[in-house]
Amino acid sequence: MKRGMKIQAGLLLICLFLPCVFVLLFGQEGQNNRYIYNDDYIVFVGKEAVDSEKFLIWALAAYAEPENTIESLKAIAVVLRTNLRKMMAGRNKISAEEFGFLYYTEEELEEIWDGQVFVDNYRKLEKAVFDTKNVVITNQNGEYIDALFHRVSAGYTREGAYLGEEYSYLCPVESLNDINAPNYMQLVIYNEESVKKLLEEGLGKTFETGAKPFVQEIILQNEDGNYVEKVIICGQEFSADEVARVLKLKSPAFSVEEYEGRIRFLVSGIGHGFGLSIYGSNMLAGEGYDFKDILEHYYTNIIIKYE
């Protein structure tokens, strides 16, 4: 009788401590099971059907640093989710290719972040996604916004009216901390022939320069702030975003000048400058903004809601 009771007590102790042992031994592999996934929305990565909330962790890893504050990560997670739901257009399934945003799979992240670093980083990103689960941004009509974002602004974000009336929620706002971001300023120097060749090949045009130096044929028309709206090249008009792309400039906030017989571009910020600044969102979170405050700073007249 006593022996049977001892066996039962032993089995009970094993049952009690087995989960703890499993976590200690398999914490890294089992860490993603701390949250319950569902299949309301599916993203196909190749042939694998991935819950959209889990996929958002992978996308968040591609755009934000795990060292960012949690409120900044939450804001970016909501932005990514909003764009995903908008792209789904009423469907509950989409391929990662159609979504078109960057992402790293869990296996890729394990290679990038080894051991405990992977566990800690993944858990932080996971928390940002699941603390905002099913939270999205809509306009006043209840429609998902095109939640544009970029890495570093030029000190101010851009006016959405340049994109169309439907972008009225994108008003220029201060993001002054961005000027302290690494690589905020970049110098890009080309010889005249290289600039002309890149522009002609990238824009599909021919530019006749005449007697004047080519740099004098490049005229910038600025928006409010540091961003360029249009570029006039030899009398032909192009968007600054097009010109920045073909010249491999990281932002359409740039100036141009002759420099020792070559052409020099001084570039501010990283990205198109519309909507949320990833770097700026982290700085705002450091000042005490929560994720809703951050979103309402970069997007105006919006509704942040749970679906």
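# Strands and helices, step by step

Me: In strand 9, which residue is the bridge partner of lysine 230?

Reply: This is a predicted model, where local features need pLDDT of at least 70, side-chain atom pairs count only at pLDDT 80 or more, and totals for chains, interfaces and linings use all residues. Residues are numbered from 1 along each chain as its sequence is written, and side-chain values use heavy atoms, leaving out hydrogens and water. Find lysine 230, then look across to strand 9 (a strand is a DSSP run of E, at least two residues; helices are runs of H or I, at least four; both are numbered from the N terminus). The partner there is serine 239.

Me: How many bridges join strand 8 to strand 9?

Reply: Strand 8 covers residues 228–233 and runs antiparallel to strand 9. Two strands pair if DSSP finds at least two bridges between them. For strands 8 and 9, the number of bridges is four.

Me: Which are the edge strands of the sheet?

Reply: Three strands form an open, antiparallel sheet in the order 7-8-9. An edge strand here pairs on one side only. That picks out strand 7 (218–222) and strand 9 (236–239).

Me: Now the helices: how are helix 2 and helix 6 oriented to each other?

Reply: Their axes (lines fitted to C-alpha atoms over the stretch in contact, that is, with heavy atoms within 4.5 Å) come within 9 Å and cross at roughly 125°. Angles run from 0 to 180 degrees between N-to-C directions; under 35 counts as roughly parallel, over 145 as roughly antiparallel, 65 to 115 as roughly perpendicular, and the rest as oblique. Helix 2 and helix 6 are therefore oblique.
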